[in-house]
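Ready for some practice at reading a protein model? Grab a pencil and work through the exercises below, trying each one before you peek at the solution.

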Amino acid sequence: ELRRKGLGRRVLEKAIEEVTIRDPCCQVIMLHVIEYNTSAARLYRDLGFREFKIEPNFYFFADQWYNGILFYKEIGHRPHRDRHVYKNWYECWR
């Protein structure tokens, strides 16, 4: 009875807001979703997350393996002084 009421959207928006306040150097939020959860994937896309990678056999549920979809959302930029220390975040996932 609580589905499709906007609760998930509000929770995720609040989580993104909290991350940007508590860690201003954070530049990317990443999350996974099981491949058949199309409602969650649609919500993430609506909130600006982009599909990045399919993780084969990431979830094991009810005696079956399922792929995971990795999403990301860029939320900020590293301070200039740190650029020489870090590669682009997506280099870490190759």
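## Charged pairs and the fold

Glu51 has a relative accessible area of 40%, so Glu51 counts as partly exposed. Keep that in mind for Exercise 1, and remember that this is a predicted model.

**Exercise 1.** Find the salt bridge between Arg45 and Glu51, and work out how exposed Arg45 is.

*Solution.*
- Step 1: Look at the two side chains; they meet in a salt bridge with an N to O distance of 2.8 Å.
- Step 2: Check that against the cut-off, which is within 4 Å.
- Step 3: Now take Arg45, whose relative accessibility is 42%. Partly exposed lies between the buried limit (under 20%) and the exposed one (over 50%), so Arg45 is partly exposed.

**Exercise 2.** Say where in the chain Arg9 and Asp46 sit, and classify each as buried, partly exposed or exposed.

*Solution.*
- Step 1: Arg9 and Asp46 form a salt bridge, and their closest N and O atoms are 3.6 Å apart.
- Step 2: Arg9 belongs to helix 1 (residues 7-22) and Asp46 to helix 2 (residues 38-46), so the pair links distant parts of the chain, 37 residues apart.
- Step 3: With a relative accessible area of 30%, Arg9 is partly exposed. Asp46 comes out at 52%, so Asp46 is exposed.

**Exercise 3.** Explain how Arg22 and Glu18 are placed in helix 1, then name the network they belong to.

*Solution.*
- Step 1: Arg22 and Glu18 are four residues apart in helix 1, so about one helical turn separates them.
- Step 2: Their side chains meet in a salt bridge, N to O at 2.8 Å.
- Step 3: Compare the accessibilities: Arg22 is exposed at 70%, whereas Glu18 is partly exposed at 24%.
- Step 4: Bring in the neighbours. Lys14, Glu17, Glu18 and Arg22 are linked in a network of salt bridges.

**Exercise 4.** Zoom out and describe the whole protein chain: its elements, its burial and its surface.

*Solution.*
- Step 1: Count the elements, and you get two helices and three strands. Going along the sequence, they follow the pattern α-β-α-β-β.
- Step 2: The chain has 94 residues, and 29% of them are buried.
- Step 3: Take contacts between residues at least 6 apart in sequence; 59% of these join residues at least 24 apart.
- Step 4: About 7,300 Å² of the chain is exposed, with 51% of that supplied by carbon and sulfur atoms.
- Step 5: Finish with the salt bridges: the structure holds six.

Conventions: Residues are numbered from 1 along each chain as its sequence is written. This is a predicted model: local features need pLDDT of at least 70, side-chain atom pairs count only at pLDDT 80 or more; totals for chains, interfaces and linings use all residues. Side-chain values use heavy atoms; hydrogens and water are left out. Buried means under 20% relative accessible area, exposed over 50%, partly exposed in between (1.4 Å probe, protein chains only). Contact means heavy atoms within 4.5 Å. Accessible areas come from the Shrake-Rupley method with a 1.4 Å probe; for residues, only the protein chains shown count as cover.
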